[in-house]
Amino acid sequence: MHNIILKPGERSPDVPADTARTPLQCWMKGWALGEARVGERVKIRTPAGRTVEGTLAVVNPGYTHSFGPSVPELQGIGEELRKLLREGKSSG
Amino acid sequence: MARDLSYKAVMSRRKEIMEKALGMDYSEFIRSPLAFDYESMMEKVGYSLERVRAIQSEVGVGSTPLLELRNITELVRKTSRPGMGARILVKDEAANPSGSFKDRRASVSVYHAKVHGYRGVLAATSGNYGAAVASQAAIRGLDCIIVQETFDSRHVGQPEIVEKSRKCEAFGAEVVQLTVGPELFYVALMLLEETGFFNASLYSPFGIAGIETLGYEIAQQCRERYGKDPAYVVVTHAGGGNVTGTARGLRKAGALRTKVIGASVDLTGLHMASDTDFNRKSFTTGHTGFGVPFATWPDRTDVPRNAARPLRYMDRYVLVTQGEVFYVTQALAEVEGLERGPAGNTSLAAAIALARELPQDELVVVQETEYTGAGKHPQAQLNFAKQNGVIVRRGDPRENVPGKVIVIPEEFSQLHVTEFPMEKLRKSYLKNAVERTGVKEVTPEEVRFLAEDSRQSEDEVLSYLEELGVKVLGKA
């Protein structure tokens, strides 16, 4: 569920110019208390037991963050260090 | 009558909201706009170190292993002058219930909220602290709201923070996700007012008391196993609580020889509240964007007086680069068999360079690790950096440019620290103290406070105040 909390003109005087041009937006998850389609107003009950109203953004939101593809810049590190470790003992 | 919820109106009620949500009246410690009685405030918490240890042991927090990094120590010695290269140990704080040292910080606040009859707890944080509060609330049966700065205005989330949202939700917490901006605190205040929840602030005396056990355990474990205190304890520094609590714990254990060294990732030049810079940062915590402002003016938080006061405790402050932290994170996994989150390894990256300064019989303790997972992982964070136009390459870490180029070292010997002058922090603190409070004259009591709070002599404070054109009362 999505809401605009502060419009661009209402934001803190401390925000830099690029941020001040954007609204302060908010997303919350919960269980819908009535029927609604994406883009329509909806009331939800949140996990902390609050009832809040906003615009329905996603139904059954999940997680899509991941690890992504292998990063070549990280790949040689282990081998390089193991090689250094095998090259005899340090002084001292 | 409906409450006025405009930014200005809510912020003007902040003092009342904060005090109600902490059940603490700060006015009894506040002596003047500048000075307050720090130690009385810390004592007023009413939780001794022993009591905190008991509270934490009840919920599986603390008593984490202190692991010796034998292969990393060996690598340090191979790249040091003969006879140099202190033994590096790491406090495996990822072993706490929610996966970071933040459980210590959350444990006392949530316990206190429960005992004082609050129905729920709230914290404004985009870090591991959210998961810690959520986990502690789950254990103690309280409701929990976490307010996070998660997205830029295009709704693109920092992978590290998106993972932290997931973790909070896994513990049953409500997560309020916001776009970039300092108004995170405004939203938190509105929610505190609406719900009457306890403000599990990162910066209350409860939070700091919770971390003291970490410093205490480090001293105990080093003495038991090695018969000595560590020469250095290296602490990832952001908001200042980690440095403050750990140093206080070390002092309580009598480890007075130990130097406390703060370490941050250098993100100089990136604005913390900038919508466009937000996703050009490949670290969301442990960096200079928090480290410097919180050291030079702690009272910028959701409590009337911040209990985290790093300048009082930090002996040195050193910076490392993002690429170096990713490199040591990979090294920790591949030569020590410990896969831990990158941000927590900021202090490890610094410790490797710092251990080279010391002879082999000394100890350097890295005082935390954190859990890792999708989003909160070098692979995820570097892929995200590339998507946001940041160049990632191997090379000399000195060529790193925050927000533009992440340079992963080519050689272990390239790991280094850049010293951030303490004097610069101290001067900046005094300048902030004068500008933020608008004082034109100060009393001798205030001079004493400023000297203690920035750990310098009263003469040094006086000479700098004079430069700033501030009059000292009671002086000719």
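Helices here are DSSP runs of H or I with at least four residues, and strands are runs of E with at least two. The model is predicted.

**Exercise 1. Chain B as a whole**

Task: count the helices and strands of chain B, then decide how its radius of gyration compares with the globule rule.

Solution.
- Step 1. Chain B holds 19 helices and 15 strands.
- Step 2. Its radius of gyration is 22 Å. The globule rule gives 23 Å for 476 residues.
- Step 3. The two values are close, so chain B is as compact as a globular protein of that length.
- Step 4. Add the extents: the C-alpha trace spans about 65 × 60 × 45 Å along the principal axes.
- Step 5. Check burial. Of the 476 residues, 60% count as buried.
- Step 6. Check contact range. Take the contacts in chain B with a separation of 6 or more: 76% of them join residues 24 or more positions apart.

**Exercise 2. Chain A as a whole**

Task: work out the order of helices and strands in chain A, and set its radius of gyration against that of a compact globule.

Solution.
- Step 1. Chain A has 3 helices and 5 strands.
- Step 2. Along the sequence they run β-α-β-β-β-β-α-α.
- Step 3. A compact globule of 92 residues would have a radius of gyration near 12 Å. Chain A has 25 Å.
- Step 4. The C-alpha trace of chain A spans about 70 × 35 × 25 Å along its principal axes.
- Step 5. Buried residues make up 22% of the 92 residues.
- Step 6. Among contacts in chain A with a separation of 6 or more, residues 24 or more positions apart account for 28%.

**Exercise 3. Two helix pairs in chain B**

Task: classify the crossing of α6(B) with α10(B), then that of α18(B) with α19(B).

Solution.
Two packed helices are described by the angle between their axes and the distance between the axes.
- Step 1. Helix α6 covers residues 102-115 of chain B, and helix α10 covers residues 205-226. Their axes come within 7 Å and cross at roughly 135°.
- Step 2. Angles of 65 to 115 degrees count as roughly perpendicular, and those over 145 as roughly antiparallel. The first pair fits neither class, and α6(B) and α10(B) are therefore oblique to each other.
- Step 3. The crossing of α6(B) past α10(B) is right-handed.
- Step 4. List the contact. The α6(B) side consists of B:R104, B:R105, B:S107, B:V108, B:S109 and B:H112. They meet B:F206, B:G207, B:A209, B:G210, B:I211, B:T213 and B:L214 in α10(B).
- Step 5. Sort these contact residues: 5 nonpolar, 6 polar and 2 charged.
- Step 6. Turn to helix α18 (residues 444-454) and helix α19 (residues 458-467) of chain B. Their axes come within 9 Å, and the crossing angle is roughly 110°.
- Step 7. α18(B) and α19(B) are therefore roughly perpendicular to each other.
- Step 8. B:V447, B:R448, B:L450 and B:A451 in α18(B) meet B:E458, B:V461 and B:L462 in α19(B).
- Step 9. This contact divides into 5 nonpolar, no polar and 2 charged residues.

**Exercise 4. The interface and B:V328**

Task: describe the side of chain B that touches chain A, then decide whether B:V328 is buried or exposed.

Solution.
- Step 1. 56 residues of chain B are in contact with 39 residues of chain A.
- Step 2. On the chain B side, α14(B) gives the largest share, 6 residues.
- Step 3. That side divides into 25 nonpolar, 19 polar and 12 charged residues.
- Step 4. B:V328 sits in helix α14 (residues 322-336) of chain B.
- Step 5. Count C-beta neighbours inside 10 Å: B:V328 has 27 and counts as buried. The cut-off is 20 or more.
- Step 6. Beyond its neighbours within four places in sequence, B:V328 is in contact with B:N345, B:L348, B:A349, B:I352 and B:L415.
- Step 7. Take B:A173, 155 residues away along the chain: its C-alpha atom is 33 Å from that of B:V328.

**Exercise 5. Positive phi**

Task: locate B:S63 and B:H155, and give the phi of B:S63 and of B:H155.

Solution.
Most residues other than glycine have a negative phi.
- Step 1. B:S63 lies in the loop between α4 (49-58) and β1 (66-68) of chain B. Its phi is positive, near 50°.
- Step 2. B:S63 has 14 other C-beta atoms within 10 Å and is partly exposed.
- Step 3. B:H155 is in the loop between β4 (143-151) and α8 (159-170) of chain B. Its phi is about 70°, also positive, and it is not a glycine.
- Step 4. With 13 C-beta neighbours inside 10 Å, B:H155 counts as partly exposed.

Methods:
Residues numbered from 1 in each chain as written. Chains lettered and ligands numbered in written order. Predicted model: local features only at pLDDT ≥ 70, side-chain atom pairs only at ≥ 80, totals over all residues. Rg over C-alpha atoms; globule rule 2.2 N^0.38 Å. Buried ≥ 20, exposed ≤ 12 C-beta atoms within 10 Å, placed from the backbone. Contact = placed C-beta atoms within 7 Å. Axes fitted to C-alpha atoms, helices over the stretch in contact; angles between N-to-C directions. Parallel < 35°, antiparallel > 145°, perpendicular 65-115°, else oblique. Left-handed = near helix turned anticlockwise from the far one by under 90°. Nonpolar A, V, L, I, M, F, W, Y, C, P; charged D, E, K, R; others polar.
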